[in-house]
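This report walks through local features of a protein–DNA model. Keep the sequence and the 3D view open while reading.

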There are 2 protein chains.
Amino acid sequence: MADVAAAAGVSAMTVSRALRRPDTVSEEVRARVEEASRRLGFVPSRVASALASARTMTVAVLIPSLTNAVFIDLLAGVQETLSPQGYQPLVGITGYGPEAEERVLRTQLAHDPDGVILTGLDHTPGTWDLLRGLTIPVIHTMDLAAEGEHSDCPVQTVGFSQYDAGYAVGAHLAARGRRRIGLIAGQLDPRTRQRCDGWRQALRDAGRHDAALELMVPDATSVALGAELLERTLATHPDTDALFLCNDDLAQGALFQCARLGIPVPERLAVAGFNDLAGAAWTVPPLTTVATPRRAIGVEAARLLIAGMADRTPKSRENPRRVDLGFRLMVRETT
Amino acid sequence: MADVAAAAGVSAMTVSRALRRPDTVSEEVRARVEEASRRLGFVPSRVASALASARTMTVAVLIPSLTNAVFIDLLAGVQETLSPQGYQPLVGITGYGPEAEERVLRTQLAHDPDGVILTGLDHTPGTWDLLRGLTIPVIHTMDLAAEGEHSDCPVQTVGFSQYDAGYAVGAHLAARGRRRIGLIAGQLDPRTRQRCDGWRQALRDAGRHDAALELMVPDATSVALGAELLERTLATHPDTDALFLCNDDLAQGALFQCARLGIPVPERLAVAGFNDLAGAAWTVPPLTTVATPRRAIGVEAARLLIAGMADRTPKSRENPRRVDLGFRLMVRETT
DNA sequence: GGAGCGCATGTTACCGCTAACAAACGAGGC
DNA sequence: GCCTCGTTTGTTAGCGGTAACATGCGCTCC
């Protein structure tokens with residue numbers, strides 16, 4: 001920067017100003033600095049800038065996994081919103097564990113991010129302590145804080161009601177006249193559990209809940225797992241006439257297995273998935289599922305964060321916001 | 001750090017040493033510093049550390065897209081290898097464009113990463129200039145530099161031969177006795193083109209190439225696109241008896257569409273995909289495809305990079321390395 | 001015609017840590 | 001008993017920018 005300053009015949013401070021806020025220097029100086037800067041191939045060091053200005057222009061983004069398309073879409077939304085504003089996402093993978101999350105968060109915080117985006121609300125007490133102590137904005141995604149909850153520590157959430165979405169599926173299957181409605185779930189994170197809770201309540205409200213038809217396993221969801229669990233369900237409860245699979249990859253696996261076993265869908269078995277992942281509209285038959293606004297959640301979380309990072313007065317942290325982006329039941333042909 | 005130093009009764013420098021290289025201080029001092037550090041909740045600022053030591057402990061990772069599972073797997077491999085070593089990946093999305101790549105690389109370089117991982121070898125002259133000027137290690141992935149190529153600028157590549165993989169599929173379809181073998185490709189990046197080139201050569205070697213059976217479109221691949229392009233192919237060339245789809249999502253879409261149209265696979269039409277994405281083994285019938293070592297490429301690239309970053313003498317950049325991790329033709333039932 | 005003001009630029013003092021060198025100290029060798 | 005050497009700790013001087021304040025200058029205004 002000193003070299004550029006010398007070449008342009010100004011002070012280093014003026015170079016810094018000319019490049020960051022061109023409107024604060026005279027047109028003539030701006031041009032000279034830009035020319036010198038380009039000619040010398042000057043790239044300002046963000047590290048030094050960060051140290052001097054106490055802004056790193058980075059945002060910590062913690063997601064459970066890279067292999068689940070849901071969080072990739074979330075990340076894509078965050079990334080495409082932050083990037084144009086000059087923010088660099090620092091991706092951290094928590095592996096669905098609150099303890100790992102705390103560990104990852106600690107290492108991310110050492111990088112002094114200007115904001116934090118977390119997945120879910122299921123954090124360790126240590127994580128909550130950390131968050132309480134932060135002076136940077138924090139957004140929780142994919143879930144909504146219950147009204148009044150976390151009153152000791154105002155939180156900003158962007159997501160949708162997993163419970164309501166699960167309820168909607170249960171109610172839909174019941175409304176289709178199904179009597180023996182089963183559940184298949186993997187990857188039992190808090191959000192999956194809430195979906196299951198909603199589904200269960202819907203069936204209870206319809207008077208058709210049978211706990212024996214619930215099959216919940218901790219394994220990561222996959223097409224293979226869906227196929228396997230479908231077989232297991234039909235082996236133990238051959239009279240099952242409808243199934244809610246808590247993620248579309250499970251549902252796709254189940255559909256494949258039905259095709260293989262010659263089970264007509266939806267005539268003999270109705271199938272509903274969750275998330276409306278890529279391809280769900282193209283399965284045979286097209287899959288009924290719940291479209292979730294994952295990318296939009298990422299975009300909105302990033303927007304809120306940018307707003308919070310812009311005004312450095314932490315007043316915005318006072319008013320907890322709760323952005324409900326909803327969900328849509330996509331009724332297709334498997335039900 | 002000054003506070004910790006005071007609390008432990010030592011100098012700041014000793015605190016720094018005690019925390020970074022515990023073996024260089026006495027046992028007693030180490031314990032006192034650790035205790036004080038913990039008690040005060042001290043978290044060293046990586047920004048300041050980076051500025052003083054000229055190591056940011058970050059690695060720029062540029063991939064074309066977040067919505068293509070291939071690059072997510074690559075990223076996952078990189079991430080899981082870098083993280084335990086204390087490196088933080090900085091993810092940049094290039095959108096498959098060399099110009100965008102150059103732009104993203106420039107902004108990433110402002111963060112002073114200690115290493116760079118790129119996708120492919122298709123860079124702008126400006127990018128090559130940038131890379132030549134760097135004193136940090138750079139790895140190119142998903143492709144292999146031809147022997148002797150880029151002799152002006154030694155490159156390290158980790159990948160497999162896209163050409164050979166395409167050739168293997170073409171040869172396989174020909175060996176199955178198919179006569180009218182078509183091609184469907186989307187997302188025409190250089191790697192896709194190489195696969196197509198290999199496939200084409202295989203068919204020529206078998207005396208069965210017909211350019212009219214090639215359908216190449218620039219759109220991003222998807223299940224929907226596969227279904228659509230299958231129909232288009234059959235409409236114009238109903239005698240097609242085998243198809244290579246350059247990515248598994250296309251192939252899955254084609255399989256779905258075949259099921260819908262009542263076209264028996266593989267009896268009337270053989271189908272081969274590429275990448276062995278999740279679920280390929282579970283389609284109906286299970287999909288013949290090429291398993292590509294995406295995660296392994298990420299792991300190996302990160303390993304090489306770590307080695308290069310460890311010895312700060314840039315001698316390792318002199319010897320271009322070329323790590324071929326191969327591919328596997330997964331013959332299943334669609335062929 | 002001089003006070004007062006606004007704008008453009010310069011000066012100073014850090015941001016929080018670490019490389020490099022200096023100093024202090026005890027142990028071993030002759 | 002003195003010198004050399006290795007080990008541990010301290011001192012100094014930045015790393016490359018930017019916040020905050022200071023300065024200089026041309027104008028307007030009464």
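## Backbone features

A:Gln187 is buried, because its relative accessible area is 15% and the cut-off for buried is under 20%. This is a predicted model. A:Gln187 also has a positive phi, about 45°, although it is not a glycine. Look for A:Gln187 in the loop that runs between strand E6 (181–185) and helix H9 (190–205) of chain A.

Chain B offers another positive phi. B:Ala54 is not a glycine, yet its phi is about 65°. The residue sits in the loop between H4 and strand E1 (58–63) of chain B. Is B:Ala54 buried or exposed? B:Ala54 counts as exposed, because its relative accessibility is 57% and exposed means over 50%.

Next come the cis peptide bonds. In chain A, one joins A:Val284 and A:Pro285, with omega at about -10°. A:Pro285 belongs to the loop between strand E9 (270–272) and strand E10 (289–291) of chain A. In chain B, the bond from B:Val284 to B:Pro285 is cis, and omega is near -10°. B:Pro285 lies in the loop between strand E9 (270–272) and strand E10 (289–291) of chain B.

## A buried threonine in chain B

B:Thr119 is part of strand E3 (residues 115–119) of chain B. Its relative accessible area is 8%, so B:Thr119 is buried. Which backbone oxygen does the side chain of B:Thr119 reach? The partner is the backbone oxygen of B:Leu62, at 2.8 Å. Neighbours within four places in sequence are left aside in the contact list of B:Thr119. That list includes B:Leu62, B:Ile63 and B:Pro64. B:Phe71, B:Leu74 and B:Glu101 are also among the contacts. B:Thr141, B:Met142 and B:Arg191 are in contact with B:Thr119 too.

## The surface near DNA strand C

There are 22 residues around DNA strand C. Those that come nearest are A:Thr14, A:Arg17, A:Ser26, A:Val29 and B:Ser16. On the DNA side, sugar and phosphate make up 65% of the strand C atoms that come within 4 Å of the protein.

The table gives polar contacts with DNA strand C.

| Residue | Protein atom | Atom of DNA strand C | Distance |
|---|---|---|---|
| A:Ser11 | backbone N or O | phosphate oxygen | 2.9 Å |
| B:Ala48 | polar backbone atom | base nitrogen | 3.3 Å |
| B:Ser49 | polar side-chain atom | phosphate oxygen | 3.4 Å |

Which elements give two or more residues to this surface? In chain A they are helix H2 (12–20) and H4, and in chain B helix H2 (12–20) and H4. H4(B) gives the largest share, five residues. By class, the surface near DNA strand C has 13 nonpolar, seven polar and two charged residues.

## Cavities

How many cavities of 30 Å³ or more does the structure hold? It holds six. The largest cavity has a volume of about 210 Å³. It is lined by 15 residues, and the closest to its centre are A:Val47, A:Thr58, A:His111, B:Val47 and B:His111. Helix H4 (46–53) of chain A gives two or more residues to this lining, as do helix H4 (46–53) and strand E2 (88–93) of chain B. The lining of the largest cavity divides into six nonpolar, seven polar and two charged residues.

H4 thus links two parts of this report. In both chains, H4 gives two or more residues to the surface near DNA strand C, and helix H4 (46–53) of each chain also gives two or more to the lining of the largest cavity.

Methods. Residues numbered from 1 in each chain as written. Chains lettered and ligands numbered in written order. Predicted model: local features only at pLDDT ≥ 70, side-chain atom pairs only at ≥ 80, totals over all residues. Heavy atoms only, no water. 1 Å grid on protein atoms, 1.4 Å probe; cavity = no way out; pocket = protein on both sides within 12 Å on 5 of 7 lines; lining within 4 Å. Points joined across faces, edges and corners; volume = space filled by probe spheres on them. Helix = DSSP H or I, 4+ residues; strand = E, 2+ residues; numbered from the N terminus. Nonpolar A, V, L, I, M, F, W, Y, C, P; charged D, E, K, R; others polar. Near = heavy atom within 4 Å. Polar contact = N/O pair within 3.5 Å; in protein donor to acceptor, adjacent residues only side chain to side chain. Buried < 20%, exposed > 50% of the residue type's maximum accessible area, 1.4 Å probe, protein only. Contact = heavy atoms within 4.5 Å.
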